[in-house]
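Subject: Structure handover

Hello,

Here is the structure I said I would pass on to you. My notes on it follow below the display.

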Amino acid sequence: MPDTLEADPARAAIGRLLFTDTRLSRGGDRACITCHDIRTSGASAIPRNLTADGTPVPRNTPTAFNAALSFRLGWAGDIPSLREQAELALTRPEFLGGSWPRILDTVRGDPVLAPMFQAAYGRAADRKTVIDAINSFERTLLTPDSRFDRWLRGDAHAITGAEQAGYDLFRRIGCASCHQGVNVGGNLFEKVGIFVTIPNKVAEVLRVPSLRNVAVTAPYFDDGGIATLPEAVRLMARAQLGRELTPAQIDGIVAFLGTLTGTYEGRPLTAPPAPGAASQDGKPQL
């Protein structure tokens, strides 16, 4: 896991402000951080976030952390890049539902943002620079220095013997055939339900999700239908590998997956609070 991806600091600073700016949404009541809570896991604690009109979105919200390392975005992999993802997030009715005239009026009229755009881009904010600023910030949302990364770098004491045994099992039974690479996934498509279908789901081809930080991004699967990581591991082994794992084997793989939790701005990622709960600073979640 790289510590950084190339991102201009001044542009990323603008993107950080836009990521949390509710004024960009149609109702003025939500921002990117509403669903992608970068103060915790980069996702949310509910199976499916709600649209502006209160109906659930079609799929569970993936974490924003390390998204820049995935070859495509979205559960279906139908979003080619961060640029297209930002455009959709800003303007689609089910997400922020903003309009470009209003977004640009807001940014250009802001006494803090307007001069920042001028300094970073040499011109007033426009559609291209707003998207680029958000993408620049998203390229900083990396979570290096997990215990597994430290172990790969040679720290023999970074993971326990049980966790290493879980890693060995993860590779031996075939999990790593799909969950591999720098993002431990996120780089290919696969049919979900090769041997059997998962209950209440149809077999379909989806982008293999990254397993980085998976221990803090419950609930699981594209519908958010599985609440715990052990159950997700059990069902994946059955559906994808045709294996019925023992409780001890599930515990071993879950132990390994716990070593993939990285850090952001020097702090380990954590699971988001339950809906309606207060954040660690006592302020309500967006």
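Which residue forms a salt bridge with D149? The partner is R212, and the closest N and O atoms of the two are 3.0 Å apart. Please keep in mind throughout that the model is predicted.

The D149 and R212 pair joins distant parts of the chain: D149 belongs to helix 7, while R212 sits in the loop between strand 2 and helix 9 (229-241), 63 residues apart. Both D149 and R212 are buried.

Other salt bridges

The structure contains 19 salt bridges. One of them pairs R11 with D132, with 3.7 Å between the closest N and O atoms. This pair also links distant parts of the chain, since R11 is in helix 1 (residues 9-19) and D132 is in helix 6, 121 residues apart. R11 has a relative accessibility of 27% and counts as partly exposed; D132, at 23%, is partly exposed as well.

Another salt bridge runs between R153 and D145, where the closest N and O atoms are 2.8 Å apart. Here R153 is exposed, with a relative accessible area of 56%, whereas D145 is partly exposed at 31%. There is also a network of salt bridges, which links R59, K201, E204 and D222.

Aromatic residues

The count of aromatic pairs comes to 10. In one of these, F148 and Y167 have ring centres 5.0 Å apart and planes at 70 degrees; planes over 60 degrees apart count as edge-to-face, so this pair is edge-to-face. F148 lies in helix 7 (residues 147-152) and Y167 in helix 8 (residues 161-172), which puts the two 19 residues apart in distant parts of the chain. Both are on the inside: F148 is buried with a relative accessible area of 6%, and Y167 is buried with 14%.

Y167 has a second partner in W151. Their ring centres are 5.7 Å apart and their planes stand at 85 degrees, so this pair is edge-to-face too. Because W151 is in helix 7 and Y167 in helix 8, the pair ties together parts that are 16 residues apart in sequence. W151 is buried, as is Y167.

These three residues belong to one aromatic cluster, made up of F148, W151, Y167, F170 and F256. A charged residue is found here as well: R171 lies over the face of Y167, at 4.5 Å from the ring centre.

Helix 3 and its cover

Helix 3 covers residues 82-91. Its buried residues are L82, Q85, A86, E87, A89 and L90. Among the elements that cover them are helix 4 (100-108) and helix 6 (127-138).

Helix 6 also holds K128. K128 is exposed, with a relative accessible area of 65%. Its C-alpha atom is separated by 15 Å from that of D8, and the two residues are 120 apart along the chain.

A nonpolar patch on the surface

F71, F189 and V205 form a nonpolar patch on the surface, and together they have about 260 Å² of accessible area. V205 is part of strand 2 (residues 204-207). With a relative accessibility of 52%, V205 counts as exposed.

Backbone details

Three places in the backbone are listed here for when you go through the loops. The peptide bond from A218 to P219 is cis, with omega near 0 degrees. P219 lies in the loop between strand 2 and helix 9.

F221 is found in the loop between strand 2 and helix 9. Its phi is near 75 degrees, a positive value in a residue other than glycine. F221 counts as buried, at 12% relative accessibility.

N66 likewise has a positive phi, near 65 degrees, and is not a glycine. It is located in the loop between helix 2 (32-35) and helix 3. At 2% relative accessibility, N66 counts as buried.

Regards

Terms used. Residues numbered from 1 in each chain as written. Predicted model: local features only at pLDDT ≥ 70, side-chain atom pairs only at ≥ 80, totals over all residues. Heavy atoms only, no water. Phe/Tyr/Trp six-rings, centres within 6.5 Å; stacked < 30°, edge-to-face > 60°. Helix = DSSP H or I, 4+ residues; strand = E, 2+ residues; numbered from the N terminus. Buried < 20%, exposed > 50% of the residue type's maximum accessible area, 1.4 Å probe, protein only. Lys NZ or Arg CZ within 6 Å of the ring centre and 35° of its normal. Patch = residues over 30% accessible without salt bridge, like charges linked within 9 Å, V, L, I, M, F, W, Y side chains within 5 Å. Areas by Shrake-Rupley, 256 points an atom, 1.4 Å probe, with all protein chains shown as cover. Salt bridge = Lys/Arg side-chain N within 4 Å of Asp/Glu carboxyl O. Contact = heavy atoms within 4.5 Å.
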